[in-house]
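Thank you all for making time this morning. I would like to go through one model with you, looking at how some of its helices pack and at what lies enclosed between them.

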Amino acid sequence: MASSYDYDDGSLESRYGRPPSAGHGGASMDLSYDPNFVPDSVKTFVVHLYRHIREKNVYEIHQMYEGSFQRLSDRMFRDNPWPSVEAIAPYVDNDHVFCLLYREMWFRHVYARLSPTGRQRVESWDNYCSLFGVVLHGVVNMQLPNQWLWDMVDEFVYQFQSYCQYRAKLKSKTEEELQLLQQYDQAWNVYGVLNYLQALVEKSAITEILEREKEGLEQFTATDGYDYEGGTSNVLKMLGYYSMIGLLRVHCLLGDYHTGLKCLAPIDISQQGVYNVVIGSQISTIYHYGFANLMLRRYAEAIREFNKILLYILKFKQYHQKSPQYDQILKKNEQMYALLAICLSLCPQINLVEENVNSQLRDKYNEKMTKMLRYDDEAYAVYDELFTYACPKFITPSAPVLEEPLTNYNQDAYRLQLKLFLYEVKQQQLLSGVRSFLKLYSTISIGKLAAYMEVDEPTLRTILMTYKHKMHAVDSDGNIIPNADLDFYISEDIVHVVESKPIKRYSDYFLRQVLKFEEMISELDRIKLD
């Protein structure tokens, strides 16, 4: 594959921005590590976290979850797991639900800092099954921070993706690992994952809540999903809400873009929503929504949403520098610029892109976008490169066939999606040339245009029909929507061009001035006066 990027198959580095300290197949840890030893700082941490959860003190829970847990991990558990759940259980009254929550964080730490073994991957699946089982079938009266609930769903989907990639690399598996795959063949089963996410959506009645909110009968977005009276738990409600985004992501990983967008439909992303509250949730939503629209040829919609989120990141990323998600924010930001470059090369709609975003885009991809407009072998190599860099880490969800000779099939799903994408690019080969000529004329005869294009008239008519077809798409409601910034019709062998006039957007001008003003203030703050 001719590219300066490699398709990252969902390894741990891609998510956490740091290399695992272990070799293949197992967590590397200090040999003196004792899972039953609980340092005083960890005792204090779990006792306080347990108390705050019992008291429904969301602010303190959030401070401990986002701050204390990360600081303790950095200071004491850089190369080792946290103490086992059995060791901390006596300090929290052996509370079953708290122990499930602790284990969820414990496994997430193993994925982030170490390299999980096959058995740990299976145990994490069992823990999620138990945790979601309690939420779905028990009585939960906790209030947990949205950040934690989002991370729970996000990590659940990530670990599913990671497991699919892990079991697809059969060549380097030990006999023990192969036996484990065979013994626990239902772990991280695609139907199980989809069923849990769907069950959370349905049991939470989140779709009905969002419908009632539109009618003014519910306060969901205004309260960020919390119940400030402390009456009802926000846990099931918010897990249901975030599961809609999780379902979009899973279906994108499977290459089923229609179903993914259908799962997200109850959330109106043209409005402020609870998904905006957590930066990771907002970026994941728009990244997968934009990618699904790109693959369905709804380029204008993808461009609009990428533009909005990239402008937001440009403006607010400095406020997230201390966030554990900061590396992931930066990576998704770069990937979305690459996807925006692809969209604009296939469907030039520069009037949909705000000036600051366009400036960043040109700095990063101006040369590549110029190449992509040429539609020669070099152009295909650039499309290949950018798609490989920016696409989700596609998975093959079926269990492996454990027969000799063992092969790796972890890249099969990606190769199929890349092939489909490049086939679409190939079909649009001559459209760029047509568009450049049509931009110059309000009317032009078929014969004259054919001469300019150096093709005969029947071929030109085919190209024009292809342009019509490819520059329109079908939206989620089944309506045909235009993608291009110009349209045309043919009457008596004359092509009549209708160019859409860009709408003047005064808000963009003011946003730009606000950004410049904030930069000036930041510069002035850094100047130390004598």
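I will take three helix pairs and one cavity in turn.

Please keep in mind that this is a predicted model, in which local features need pLDDT of at least 70 and side-chain atom pairs count only at pLDDT 80 or more, while totals for chains, interfaces and linings use all residues. Residues are numbered from 1 along each chain as its sequence is written, and side-chain values use heavy atoms, with hydrogens and water left out.

Two packed helices are described by the angle between their axes and the distance between the axes. Here the axes are lines fitted to C-alpha atoms over the stretch in contact, with angles running from 0 to 180 degrees between N-to-C directions, and helices are DSSP runs (H or I, at least four residues) numbered from the N terminus.

Let me begin with helix α2, residues 40-54, and helix α3, residues 58-76, whose axes come within 10 Å and cross at roughly 165°. The two are therefore roughly antiparallel to each other, a term that applies to angles over 145 degrees. Contact means heavy atoms within 4.5 Å, and on that basis residues including F45, L49 and I53 in α2 meet residues of α3, among them I61, M64 and F69. By class, this contact has eight nonpolar, four polar and two charged residues.

Turning to α11 (residues 235-254) and α12 (residues 257-264), we find axes that come within 8 Å and cross at roughly 175°, so this pair too is roughly antiparallel. M244, I245, L247, L248, H251 and C252 in α11 meet Y257, T259, G260, L261, C263 and L264 in α12, and by class that contact has nine nonpolar, three polar and no charged residues.

For α6 and α7, the axes come within 11 Å and cross at roughly 145°. W125, Y128 and F132 are among the α6 residues in this contact, and F156, Y163 and Y166 among those of α7.

What, then, lines the largest cavity? On a 1 Å grid over the protein atoms alone, a cavity is a set of points where a 1.4 Å probe fits but cannot get out, and lining residues have an atom within 4 Å of a point. The structure holds one cavity of 30 Å³ or more, and the largest has a volume of about 40 Å³, taken as the space filled by probe spheres set on the points, which are joined across faces, edges and corners. Its lining consists of V97, L101, L131, V135, M142, L144, L149, M152 and V235, which by class means nine nonpolar, no polar and no charged residues.

Methods:
Angles under 35 degrees count as roughly parallel, over 145 as roughly antiparallel, 65 to 115 as roughly perpendicular and the rest as oblique. Ala, Val, Leu, Ile, Met, Phe, Trp, Tyr, Cys and Pro count as nonpolar, Asp, Glu, Lys and Arg as charged, and the others, Gly among them, as polar. On a 1 Å grid over the protein atoms alone, a cavity is a set of points where a 1.4 Å probe fits but cannot get out, and a pocket is an open set with protein on both sides within 12 Å along at least five of seven lines; lining residues have an atom within 4 Å of a point.
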